[in-house]
Amino acid sequence: MDELDALTTDLVSIPSHEDETAAGDFIETWLRDETDADVTRDDAGNVVARVNAGVGESLALVGHHDVVPPAPRQLTDDGDYVVESGDGRLYGRGSADMKGAVAASMLAFRDAAESATNEVVFASFVGEEIGGTGVRAALDAGLSLDYAIVAEGSTNYSGPDRTDVVVAHRGRRASTLVVSGTACHASEPERGENAVYRACDAVDIVRESTFPETEVLGHTVSGSIAVTEIDGGSAWNVIPDHCEVTIDERTVPGGYADLSQTESIEGVEWVVEQDLPPMACDDAEFADRVLAVAERVHEQRGDSTPEQVTKPHATDAGWLAQEGTTCVVYGASEPGEAHTKNESVSLDVLERCYETYRGLLSEW
C-alpha cells in the first residue's frame with residue numbers, strides 16, 4: 001500500500017523527541033485536508049478528530065507522536081530523522097513506537113469513518129514516553145471515550161506472523177527508599193547509625209514482598225519487583241548518613257505490593273516517583289469483537305491466527321482505562337524493536353493493522 005508507506009515515511013522523518021509540535025502540525029493538517037472530521041488541537045499538543053460526535057458509544061483509535069531520543073545513526077546532519085527501507089521494513093526512530101501505527105490509524109479513520117453509524121475518533125497524544133502527560137492533560141480537560149483501540153505493539157506475542165489483541169497490560173510504579181542515619185568516623189562505627197545497613201534491611205523487605213497477580217478475561221497477569229540502583233556513602237572512612245535505593249515495580253490491575261512496610265525500618269522513607277497504571281479490558285464482548293475482525297483480516301491475508309494476550313509494558317491505555325474507557329491494544333510493533341538504534345516496522349504488518357482498524361471503524 002504505497003500511500004501508507006509514504007505517510008509513515010513522512011511522519012517518521014519528523015523529529016519529535018524534544019518537541020512534538022511539528023509532528024502534531026503534520027497530523028492535524030493531514031486530517032483537516034483528508035477528512036471531514038471535527039479536528040481539534042489542545043494546549044498540550046494532542047490531536048483529536050471526531051466523526052458523528054455524540055452519536056451512540058464512541059470508538060477511538062489511539063496513538064502518540066512523541067518518541068524517545070534517537071541514536072546518532074538515526075539523525076541526519078541537519079537534525080531530521082533518517083528513514084530507510086529494505087527487506088519489507090521501514091527503519092527510523094519512532095517507526096515501531098509508534099508512528100507507523102499512527103499513520104495506519106490516520107488512513108483507517110479517513111477511509112472508514114463515513115461508514116460508521118456511531119461516533120468514531122482518532123487521537124494522537126504527546127508525552128507518552130515521559131509518563132503519559134498528553135493523555136492525562138486531555139482527560140483532565142474532559143476527554144471521554146467509551147471504547148479505544150490503543151495502537152501500541154502487539155505483533156508476534158503469541159507466535160510469528162500475527163498481530164494479537166492485548167486485553168491487559170502491566171503498569172509501572174517507580175519508587176525510592178530514602179534512608180537516613182548518623183555519620184561518624186568509620187574507626188568507631190558504634191557511634192553512628194549506618195544508613196547503608198538500614199537500606200539493606202529495607203531491601204530485604206522488598207525481596208520478600210509478594211508479587212501481585214490477577215486474572216483478566218482468563219489470562220493471568222503477574223507483577224514483579226526489583227531493586228535497580230543503590231547509592232550511599234561519601235568516603236571509605238565515614239559511616240554513611242544517607243542512602244537511596246531505587247525500586248522498579250511492575251503492577252497489575254487492582255494489585256500492588258505493600259512496599260510501605262519498608263518504613264518499619266528506622267530512618268527509611270518510601271517515596272513514589274512515578275505510577276503508570278495497568279490496563280484490564282472490562283468488556284469481554286468488545287475484546288472478542290476486536291479479535292473476530294483481526295482473525296478475519298489475518299485469514300484473508302493468509303497470516304497466522306491471532307490470539308488474545310497480555311503485554312508486559314505500560315501504555316496510555318492504562319490512563320484511559322483508569323478513567324472508564326474500555327481498551328484493548330493492537331498494533332504493529334514487535335518485541336525488541338521499540339527504542340533501539342535499528343528500530344523498524346514491517347510494512348506488511350502496517351497494512352494488516354490498517355485493514356483491521358478500518359474494519360472495526362466501518363462496522364461501528
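**Exercise 1. Find the partner of Asp248 and say how each side chain sits: buried or exposed?**

Step 1. Asp248 makes a salt bridge with Arg250, and their closest N and O atoms lie 2.9 Å apart. A salt bridge here is a side-chain nitrogen of Lys or Arg within 4 Å of a carboxyl oxygen of Asp or Glu.

Step 2. Before going on, note that this is a predicted model, where local features need pLDDT of at least 70 and side-chain atom pairs count only at pLDDT 80 or more, while totals for chains, interfaces and linings use all residues. Residues are numbered from 1 along each chain as its sequence is written, and side-chain values use heavy atoms, with hydrogens and water left out.

Step 3. Now the cover. Asp248 counts as buried because its relative accessibility is 14%. Arg250 comes out at 21%, so it counts as partly exposed. The cut-offs: buried is under 20% relative accessible area, exposed is over 50%, and partly exposed is in between (1.4 Å probe, protein chains only).

**Exercise 2. Work out which strands pair with E15.**

Step 1. Strands (E, at least two residues) and helices (H or I, at least four) are DSSP runs, numbered from the N terminus. Two strands pair if DSSP finds at least two bridges between them.

Step 2. Strand E9 (residues 171–180) runs antiparallel to strand E15 (residues 242–251), with 10 bridges joining them. One of the matches is Gly171 with Thr251 in E15.

Step 3. Strand E13 (residues 224–232) is also antiparallel to E15, this time through 8 bridges. Here Asp248 turns up again: Ala226 stands opposite Asp248 in E15.

**Exercise 3. Describe the hairpin of E11 and E12.**

Step 1. Strands E11 (residues 213–216) and E12 (residues 219–222) run antiparallel and are joined by 4 bridges. Glu213 has Ser222 in E12 as its bridge partner.

Step 2. The hairpin has 2 residues between its strands, and Leu217 in the turn has a positive phi of about 50°.

**Exercise 4. Trace salt bridges that link distant parts of the chain.**

Step 1. Start with the idea: side chains of opposite charge can pair when their charged atoms come close. By the rule used here, the count comes to 22 salt bridges.

Step 2. Glu34 and Arg110 meet in one of them, at 3.2 Å from N to O. Glu34 is in helix H2 (residues 21–34) and Arg110 in helix H3 (residues 95–112), so the pair links distant parts of the chain, 76 residues apart. Glu34 is partly exposed, with a relative accessible area of 37%.

Step 3. Arg301 pairs with Glu355, again with closest N and O atoms 3.2 Å apart. This pair links helix H6 (residues 284–301) to helix H8 (residues 347–362), across 54 residues. Arg301 is partly exposed at 23%, and Glu355 is partly exposed at 23% too.

Step 4. Follow shared partners and you get one network: Asp161, Arg301, Asp303, Asp348, Arg352 and Glu355.

**Exercise 5. Which residues gather in the patch of negative charge on the surface?**

Step 1. The residues are Glu229, Asp231, Glu244 and Glu273. Patch members have over 30% relative accessible area and no salt bridge, and like charges are joined within 9 Å.

Step 2. Look at Glu273, found in strand E16 (residues 268–276). Its relative accessibility is 53%, so Glu273 counts as exposed.

Key. Patches are made of residues with over 30% relative accessible area and no salt bridge: like charges are joined within 9 Å, nonpolar side chains (Val, Leu, Ile, Met, Phe, Trp, Tyr) within 5 Å. Accessible areas come from the Shrake-Rupley method with a 1.4 Å probe; for residues, only the protein chains shown count as cover. Lys and Arg count as positive and Asp and Glu as negative; His and the chain ends are not counted. The place of a charge is taken as NZ of Lys, CZ of Arg, CG of Asp or CD of Glu.
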